[in-house]
Amino acid sequence: MKILVTGGAGFIGSNFIYYMLKKHPAYKIVCLDKLTYAGNLENLKEAFENPNFSFEKGDIADAEKMDGLFGRERFDAVVNFAAESHVDRSISDPQVFLKTNILGTGVLMDACRKYSCRFHQVSTDEVYGDLPLDRKDLFFTENTPLKASSPYSASKASADLLVLAYHRTFGLEATISRCSNNYGPFQFPEKFIPLIISRAYEGKSVPVYGKGENVRDWLHVDDHCSAVDLILHKGKAGEVYNVGGHNERTNLEVVRTVLREMGKPEELISFVSDRPGHDLRYAINPSKIQNELGWNAVYDFDSGIKTTIEWYLNNMDWLKNITDGEYKNYYEKMYGGRG
Ligand code: NAD
Ligand code: DAU
């Protein structure tokens, strides 16, 4: 197979590329990425050593560029990770979320229609909105109504509706996965877990929104990658699959765990103003992907978070390259203005 992975220079996309190169050594993987602030080519340093991997800089919303790329490369499948992904940024500047997350998805699917290509949309549990904190018996299923809270999640929900419409109207061979919060290597340090690690390492305060009682359902990124791989090969067109491993934690529990593992004092916790519209609780019911495709999470949070902290502590140069902006020069260094 020849697979286009969009947004592959970001957190989950880069982990997915490594996962696929290892699991399917004969596959050809092309990464397309716009290299926004969240795209870091250094994440793919080792992938560049593999002759089955190549990189293309570009915007998924650029229809002409996509047409040229698809016409030239003739992909069998596209896995779309490309997105603006940070809720706080969608509150301060929503427009780019609409362009990339909605229009960009539409452009990619038009190219898939024209060049007969399978399409997988990497979506999120945030499209379901939130669950109350006092009803631990409630979980998101694939039939939970869409009720997005932030411009980010509304843009992802819009894209999901478009994907299902393209399947029904045009017969596009498309699937959707809706995963809970991921953690693991290469996550941009604006997100909660790498932010805690990075700030605590430097002895800086760690901001916790509101009272820290919001609940997230944490999944190791490798478990997300195995789910997407399985859906790509065995998923049924037109279907949505929820992905999660029953690892619910309050934000306060997460920050305390990370500080304890790092040997840092809880006095670093600083309660700050809450995120507007802050979703209370996410919790996934993964029965469908477990029963229909045989997927199961391998990691539990308590062991996964330890290896993740270790990874960041062993890769402080990677973090420093981001905090001092050096990572933005990586493309120039590799391609010297070409490409
Ligand atoms: P990320 O922000 O780390 O990476 C996004 C990547 O997309 C970056 O490399 C960026 O340069 C690229 N990109 C942005 N706009 C682009 C455009 N117009 N054209 C081409 N490339 C573009 O995000 P992530 O956390 O890796 O998330 C990847 C996907 O998974 C997103 O679609 C997100 O909605 C979804 N998701 C994320 C999580 C999570 O916990 N991080 C959970 C469930 C689903
Ligand atoms: O559920 C899947 C989603 O998970 C993905 O679709 C998103 O792309 C991804 O960013 C993530 O969204 P969250 O908003 O849950 O992740 P974030 O890391 O921003 O925040 C996790 C929780 O921690 C959330 O309740 C807000 C809180 N938080 C976050 C930051 C950055 C803090 O308390 N302090 C912080 O500084």
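How many helices and strands does the protein chain have? In this predicted model, the protein chain has 12 helices and 13 strands.

**View 1. The whole protein chain and its dimensions.** Taken along the principal axes, the box filled by the C-alpha atoms of the protein chain is roughly 55 × 50 × 35 Å. A compact globule of 339 residues would have a radius of gyration near 20 Å, and because the protein chain has 19 Å, the value agrees with that expectation.

**View 2. Inside and outside of the protein chain.** Of the 339 residues in the protein chain, 55% are buried, a word that here stands for under 20% relative accessible area. Among the contacts with a separation of 6 or more, 82% are between residues 24 or more positions apart. The protein chain exposes about 14500 Å², and 49% of this area is supplied by carbon and sulfur atoms.

**View 3. Charged side chains.** The protein chain carries 40 positive and 46 negative side chains, and the centres of these two sets lie 3 Å apart.

**View 4. Strand E8 and its two faces.** In a regular strand the side chains alternate between the two faces of the sheet. Strand E8, which covers residues 206–209, shows such an alternation: Val 206 and Val 208 point to one face and are buried, whereas Pro 207 and Tyr 209 point to the other face and are not buried.

**View 5. The pairing of strands E8 and E13.** Strand E8 runs parallel to strand E13, which covers residues 269–272, and 4 bridges join the two. Within this pairing, Val 208, one of the buried residues of E8, stands opposite Phe 271 in E13.

Methods: Residues numbered from 1 in each chain as written. Chains lettered and ligands numbered in written order. Predicted model: local features only at pLDDT ≥ 70, side-chain atom pairs only at ≥ 80, totals over all residues. Heavy atoms only, no water. Helix = DSSP H or I, 4+ residues; strand = E, 2+ residues; numbered from the N terminus. Rg over C-alpha atoms; globule rule 2.2 N^0.38 Å. Buried < 20%, exposed > 50% of the residue type's maximum accessible area, 1.4 Å probe, protein only. Contact = heavy atoms within 4.5 Å. Areas by Shrake-Rupley, 256 points an atom, 1.4 Å probe, with all protein chains shown as cover. Lys, Arg positive; Asp, Glu negative; His and termini not counted. Charge placed at Lys NZ, Arg CZ, Asp CG, Glu CD. Pairing = 2+ DSSP bridges.
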